[in-house]
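Trainee: Could you take me through one strand of this model and whatever surrounds it? I'd like a close look at that single part.

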Amino acid sequence: MPVKVRIPTPLRSLTDGTAEVEANGSTIIEIINDLEKNFAGIKERICEQNDQVRRFVNVYLNDEDIRFIDSINSKVKDGDTVSIIPAIAGGAAEKKKFYLNYPQEAIKEPLIYLVGKNYNVITNIRSASISNDIGIIAIEIEGEPREIEKAVKFLESKGVTVEPIVLDVVE
Amino acid sequence: MEFTEEQIKRYARHIILPEVGGEGQTKLLSSKVLLIGAGGLGAPCGYYLGAAGIGTLGIVDFDTVDLSNLQRQIWHGTADVGRYKVDSAKDSIARINPDVNVVTYKDKISSENIKDLIKDYDVIIDATDNFPTRYLINDACYFMKKPLVYGSIFRFDGQATVFLPEEGPCYRCLFPAPPPPGLVPSCQEAGVLGVLPGVIGAIQANEAIKIILGVGTTLNGRLLIYDALDMKFSEMKLKADRTCPLCGESPSVFDLIDYEDFCEFRRED
């Protein structure tokens with residue numbers, strides 16, 4: 001039984017940009033499993049490993065939250081519309097440039113790697129001067145303002161002096 | 001309240017509406033609205049609230065204006081880059097309407113200060129851009145019984161609703177807990193269409209004004225979903241959740257939580 005499924009923009013990278021797709025099944029979980037067949041990777045964005053819908057995603061059958069029907073076992077019928085609505089918070093990415101001045105003891109630590117690994121930011125080194133004694137790096141950090149702030153705090157906690165590059169001298 | 005000649009002219013298009021009238025305009029002029037966030041959602045929302053003659057408009061934002069903000073944060077101009085957003089916002093409102101008493105807060109909102117910030121206001125507007133602050137605002141508004149006008153945007157998607165603590169539901173009924181850091185979309189997927197916060201922010205202003213006037217039907221109990229790419233508005237039912245950790249039958253949230261701290265623990269281990 002085909003139903004229409006509304007895909008929110010964050011998940012459209014998995015549906016080739018399509019906003020509304022068709023899926024078959026008689027319950028919500030069957031619909032989600034059918035979606036996964038056609039759009040690999042979509043299920044893990046919606047469901048936990050035990051198939052329950054993630055706490056920051058809601059699935060609506062027509063305009064009713066499935067949590068108030070029969071959750072993933074809610075029955076669907078021909079012509080129904082299923083909407084996937086994730087929690088969104090806003091936040092546009094920003095790029096900020098900084099000079100990082102390393103203390104000697106931190107030069108050998110992979111701090112920039114750790115920044116990229118631990119925080120939701122993209123780092124890009126624009127110029128650097130590194131020897132055994134000094135380490136000065138001009139870096140671009142892209143991400144949400146709060147993530148950038150955390151990345152900066154982390155670097156500072158490791159003894160690195162972080163100075164914003166005010167004028168665009170790197171470009 | 002006696003209107004001045006100038007006020008009668010300024011608010012004529014409001015006063016002539018039976019749903020507003022002189023009485024409604026007086027309500028607006030004596031109301032206090034707190035706008036949390038002076039960015040994409042805050043700018044259109046605050047502009048309309050200022051123009052409508054909200055008596056006291058509090059604006060909270062610790063950030064400064066960046067050139068990359070101007071694509072959507074329409075109350076800041078190129079010359080404002082580097083200034084505090086709240087200062088730029090205050091100037092913009094003063095240009096439109098000198099009746100409005102704009103109170104600015106350059107504070108970072110936290111569990112320490114939020115109750116003090118919201119306590120004197122009639123309506124709170126969530127125009128923020130991150131999950132930790134949204135949960136903090138929701139919980140504080142629930143504890144202090146303040147109506148909360150919620151709006152949120154991401155890329156081309158917008159959401160808006162109204163949470164009334166006396167009646168429910170709350171934001172945690174909608175989404176019980178914030179997503180763990182690793183599961184929020186990465187910044188490569190982020191970005192936002194500049195007009196989108198304009199649409200949602202204006203809806204938030206509309207709802208705040210209706211709450212103050214006591215007219216019409218607010219979005220309480222309904223989640224408005226806006227898809228700017230497909231140009232579709234849809235509406236989902238939003239019910240109070242009996243299992244809600246905040247306002248449900250056996251709550252587990254009794255205090256304000258600074259979620260950011262949690263995340264930092266997780267990330268540095």
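Mentor: Sure. Two strands pair if DSSP finds at least two bridges between them. Keep in mind that this is a predicted model. Let's take strand E5 of chain B, residues 148-154.

On one side of the pairing, strand E4 (residues 123-126) of chain B runs parallel to E5(B), with three bridges between them. Look for B:Asp126, which sits opposite B:Tyr150 of E5(B). The link from E4(B) to E5(B) involves helix H7 of chain B, residues 131-143, and together E4(B), H7(B) and E5(B) form a β-α-β unit that is right-handed.

Then there's strand E6 of chain B, residues 157-163, which is antiparallel to E5(B) and joined to it by seven bridges. Here B:Ser152 faces B:Gln159 of E6(B). E5(B) and E6(B) make a hairpin with two residues between the strands, and B:Arg155 adopts a positive phi there, near 55 degrees.

Now for the side chains and the burial. E5(B) is mostly covered, with seven of its seven residues buried. B:Leu148, B:Tyr150, B:Ser152 and B:Phe154 point one way, while B:Val149, B:Gly151 and B:Ile153 point the other way, and all are buried. So B:Tyr150, the residue across from B:Asp126, and B:Ser152, the one across from B:Gln159, point the same way from E5(B).

Note on methods
Residues numbered from 1 in each chain as written. Chains lettered and ligands numbered in written order. Predicted model: local features only at pLDDT ≥ 70, side-chain atom pairs only at ≥ 80, totals over all residues. Buried ≥ 20, exposed ≤ 12 C-beta atoms within 10 Å, placed from the backbone. Helix = DSSP H or I, 4+ residues; strand = E, 2+ residues; numbered from the N terminus. Right-handed = clockwise from strand over helix to strand, strands pointing away.
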